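I opened my notebook to look at how helices and strands are arranged here. I kept each entry short.

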Amino acid sequence: MAEILPRLIEALRERLPEAVALRHRLHAHPELGNQELRTHELLAEALGVKGRRVAGTGLLLRVGATTGPAVAVRAEMDGLPVAEATRAPFAAPGGVMHACGHDVHMAALVALTRAARAVRAELAVPLVALFQPSEENHPSGAERIVAEGALAEAGVRAVAAVHVHPTVPWGAVAVDEGPVNAALDHLRVVVDGAGGHAAYPHEARDPVLALSQIVVSLQQVVSRRMDPTDEAALTVGWLRAGSADNVIPDRAEAGGTLRVLQPDARATLLDAVRQVVEHTARAHGCTARVEVSVGEPAVVNDATLARTVRALLPLAGLTPAAELRSCGSDDFGYFAATAPSLMMFLGLRGAPGDRGRPLHHPQFLPPDEAVGAVAHAQATAYAAAAQATSA
C-alpha cells in the first residue's frame, strides 16, 4: 500500500492553494462545539458533495469502493471561546477563535479527500474523511459518533488524526506507540463547615482553611502516589468561598482537573484524591466530598500503525520527531473502542513566521504552509493504516 502515498502527494500539490484559501475562510468564521453549522456548509461546498451528517453538525465522506474495510482520517471542526489577537487579515472578529489548529486540520483533510477522489481507482482501501464536531466541548463529538455507530457502518477498520504542535520542530512528526494524550477527569471539591464571625474563629469550623490545606495537599498526590516514571497532572483551577472580609462562610469550593496517561492509574489517583479531601476536611472539623465528571479516555496509539507511519514519513517529505507524550487530552481516544487508532503531532517550532505561542493562546496562528504539511502527514497516516488493514 505504500505505493499509493506518492500518488496522493502528487495529487495534493495542485489542490493546496484552494485548501489554503479555505483555511482562511474557516479561520475567519469559527464556531463553538455542536454549533458548527456554517463550518459544515463551508466544508460541503469545498468538497463538492454533501456527505453524511454525523453527530449533529459533523460530516463523513467515503472515497473509493462502497463496500469493504476502510480507513478514517479525522479533523476537528470547533473553535474555542477565545478573543483572537493575531491581527491576521483573516482573523476572527468575535470572541471565538480557531486557537488549536482545527482550521488547518480541516483544510488539509479537504485537500486530501479531493486528492483521493482524483486517484480513487487506485485506492485498494477506501478513505473515510471524518470532520468531527465538538472536540473542545461537551458533549464530545467523538463519543457521539461512536455511539451512533457511524464508523462501523462506514466499514472503518482504523482511525488516524494529525494535530499541529508548537513544541515539535517544523517538518517533523511525533508518532509514538502507546499513550500519547492523557485521560481527563473534572473535579469539584465541596467543603462544608460552620460559619461565623471573623473575630471568633474558634466558634466556627472554617471551610476556607480546610480547603486551603486540601489544595496544598492535593499537589502531593501525583508525586507520592504515582510511579515517578509515569505521567500525570492534577491542577486546581478555581476557588470560591464567602462574600465578606469579616465572615467565615459555611461552604468553600474548588474545581480542577486530573490528567493521567496510564489508564490503570486513573482509579488509583481518584481514590487518593477522595482520601485527601475527606480526611483533611475532617481534621479541621469539616466535611467534604469530591464530585467527578468523567472526561475523555487516554489517547493510546496502536503500535503497528505507529511503526508503519514512521517508516513512510520520508516518502511524504517529513521526518520522525523525538518522543512526545502530553498530559493534554483529546476525545480522539473514544475511537480506539471501535478500531486501532493513531494520533500524530506535526511540528510548528521554527515554521515560517513562528510566533512561539502555545495552543489555545489568542495569538496562536500556524502558517499557511502548515496546511500542506498536515495534509502530507494525513496522507501518510492513511497509507500506513491501509497497509496494516490489508495485511
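My entries below go from a pair of helices to a sheet and what lies on it.

Entry 1. I noted first that this is a predicted model.

Entry 2. I looked up how helix 1 (residues 4-13) meets helix 4 (residues 102-118). They pack at an angle of about 115°, and their axes are 8 Å apart. Angles from 65 to 115 degrees count as roughly perpendicular, so I wrote down helix 1 as roughly perpendicular to helix 4. The crossing of these two helices is right-handed.

Entry 3. Which residues make the contact between the two helices? Helix 1 brings Leu-8, Ala-11 and Leu-12. Helix 4 brings Ala-111, Leu-112, Ala-115 and Ala-116. I sorted the contact of helix 1 with helix 4 by class: seven residues are nonpolar, none is polar and none is charged.

Entry 4. I turned to the sheet. It is open, with eight strands in the order 1-2-4-3-5-16-6-15, and its pairing is mixed. Strand 1 (52-54) and strand 15 (319-320) are the edge strands, each pairing on one side only.

Entry 5. I picked one pair inside that order. Strand 5 (residues 156-169) and strand 16 (residues 341-349) run in the parallel sense and share eight bridges. I found His-165 opposite Gly-347 of strand 16.

Entry 6. Which helices did I find on the sheet? Helix 4 lies across strand 2 (58-63), strand 3 (70-76), strand 4 (127-132) and strand 5. Helix 4 runs at about 155° to strand 4. Helix 5 (residues 141-148) packs on the sheet too, touching strand 1 and strand 4. The direction of helix 5 makes about 130° with that of strand 4.

Notes:
Residues numbered from 1 in each chain as written. Predicted model: local features only at pLDDT ≥ 70, side-chain atom pairs only at ≥ 80, totals over all residues. Heavy atoms only, no water. Axes fitted to C-alpha atoms, helices over the stretch in contact; angles between N-to-C directions. Helix = DSSP H or I, 4+ residues; strand = E, 2+ residues; numbered from the N terminus. Parallel < 35°, antiparallel > 145°, perpendicular 65-115°, else oblique. Left-handed = near helix turned anticlockwise from the far one by under 90°. Contact = heavy atoms within 4.5 Å. Nonpolar A, V, L, I, M, F, W, Y, C, P; charged D, E, K, R; others polar. Pairing = 2+ DSSP bridges.
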